[in-house]
Amino acid sequence: MEASDRVLLIAVDDSEDSQKAFMWAVDNLYREGDQIHLVHVVPRLAFAAQYGVPPVDFVPAAENSSYESAVQRAEQFIIDRFVRALPVTIKSPVVHIIKSEVDTESVGHVLCKKADELDAIGIVMASHNKGRMAEFFLGSVTQYCTHHSKRPIIIVPTPK
Amino acid sequence: MSEGAAKSHRNILLTVDESPSSDKVFEYTVTNLYRQGDVVHILHVIAPSRRLVVTPDMGLEGVIEDDEETKRKVEEHAQEFIRERFEKRLETLRIPYQVDIVRGCVDNDSIGALVCRRAEGIDAVAVVMAKHSRGTIKEFFIGSVTNYACHHCKQPVLVLHCD
């Protein structure tokens, strides 16, 4: 039987819901030979919020170190929540930690672009990116991707 | 899959209609999601009647009931296209399946709820649907069903973009 060689893109963040989406993909979509890509997007505004620097285009002093910390934190949660949870039989995932360059470029847009670039058979994500809130049926990233993605989106629900 | 690997027993729910996008829903399922042993559930919702009364903003105000003869013809037509486009292929592929043709409710929120209930009832591993672009009145309603399912379904929803 010929091995599969599809690309599975899983959008990840530091949440249990995201972990659930990942496990769904591993249990239900993955086939031997597939390559899993974990994608985490760090939007530029995240630095501003966390480090108290204004969200301008270029702050030479703050820029590098704050970005480095954000990447390190992302690497750590990706290892803890996702890479460690992967069965040993499955090929190591390719990890993408992407800084979205432009303020207005949404996380969803970056995910859709990456999926096209990788020729993914689908983008797997949790229904909510910041935990379930009463007034939102879907998280903003999932909402964006469902409307704009040309590729299949798999929405793994966040239980109430 | 190696010899002696445990057989899959999942239920996959597909929502289909007469549009070409349902072929994409079907193809994606059998190519990318299906595992030996899974059961494919085809769900088709028939419009509540052939004559729909719509409000100026394209909301559904009500229906004018079809007579028995028309109802029967519509159901037969549904059975036929499902047989031709899906059942035959499922049989060729030796995929166990089940077909549900349901007469729809007045508003598409209820159709969406119907889909979600069915998904929960069979504990579907995923509900595979197409995201229609707006076109005819019928497509408008069906598109909203996908939207409802994305928001409310307790099972994973797989949305295919089919323009």
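Colleague: What counts as a helix or a strand here, and how many of each are there in chain B?

Modeller: Helices and strands are DSSP runs, with at least four residues for a helix and at least two for a strand. In this predicted model, chain B has four helices and seven strands. Read from the N terminus, the elements of chain B follow the order β-α-β-β-β-α-β-α-β-α-β.

Colleague: What share of chain B is buried, and what share of its contacts is long in sequence terms?

Modeller: Chain B has 163 residues, and 48% of them count as buried. Taking contacts in chain B between residues at least 6 apart in sequence, 74% link residues at least 24 apart.

Colleague: How should I read a single helix, say helix 1 of chain B?

Modeller: Start with the repeat. An α-helix has 3.6 residues a turn, so residues three or four places apart point the same way. Helix 1 of chain B covers residues 21–33, which is 13 residues. From first C-alpha to last, helix 1 of chain B reaches 17 Å, close to the 18 Å expected at 1.5 Å a residue.

Colleague: Which residues of helix 1 of chain B are buried, and what do they pack against?

Modeller: The buried residues are S21(B), S22(B), V25(B), F26(B), Y28(B), T29(B), V30(B), N32(B) and L33(B). Within chain B, they pack against strand 1 (11–15), helix 2 (68–92), strand 6 (126–131) and strand 7 (157–161). From chain A, helix 1 (16–28) and strand 4 (122–126) also pack against them.

Colleague: How is the size of an interface given, and what is the area between chain A and chain B?

Modeller: The size is often given as the accessible area lost when the parts come together. Between chain A and chain B the buried area is about 2,000 Å², with 52% from carbon and sulfur atoms. Of the area that chain A buries against chain B, 24% is supplied by N28(A), R31(A) and F137(A), more than any other three residues. The contact involves 25 residues from chain A and 24 residues from chain B.

Colleague: How many salt bridges and polar contacts cross it?

Modeller: The rule finds zero salt bridges between chain A and chain B. The polar contacts come to 13 residue pairs. On the side of chain A that touches chain B, helix 1, helix 5 (140–148) and strand 5 (153–156) of chain A each give two or more residues. Strand 5 of chain A gives the largest share, four residues. By type, that side has 13 nonpolar, six polar and six charged residues.

Colleague: Is Q155(B) buried or exposed?

Modeller: Q155(B) counts as buried because its relative accessible area is 8%, and the cut-off is under 20%. Q155(B) sits in the loop between helix 4 (137–152) and strand 7 of chain B. The side chain of Q155(B) reaches the backbone nitrogen of E120(B) at 3.5 Å. Residues touching Q155(B) include P157(A), C116(B) and V127(B).

Terms used
Residues numbered from 1 in each chain as written. Chains lettered and ligands numbered in written order. Predicted model: local features only at pLDDT ≥ 70, side-chain atom pairs only at ≥ 80, totals over all residues. Heavy atoms only, no water. Expected span 1.5 Å × (residues − 1). Buried < 20%, exposed > 50% of the residue type's maximum accessible area, 1.4 Å probe, protein only. Contact = heavy atoms within 4.5 Å. Buried area = accessible area lost by both parts, 1.4 Å probe. Salt bridge = Lys/Arg side-chain N within 4 Å of Asp/Glu carboxyl O. Polar contact = N/O pair within 3.5 Å; in protein donor to acceptor, adjacent residues only side chain to side chain. Nonpolar A, V, L, I, M, F, W, Y, C, P; charged D, E, K, R; others polar.
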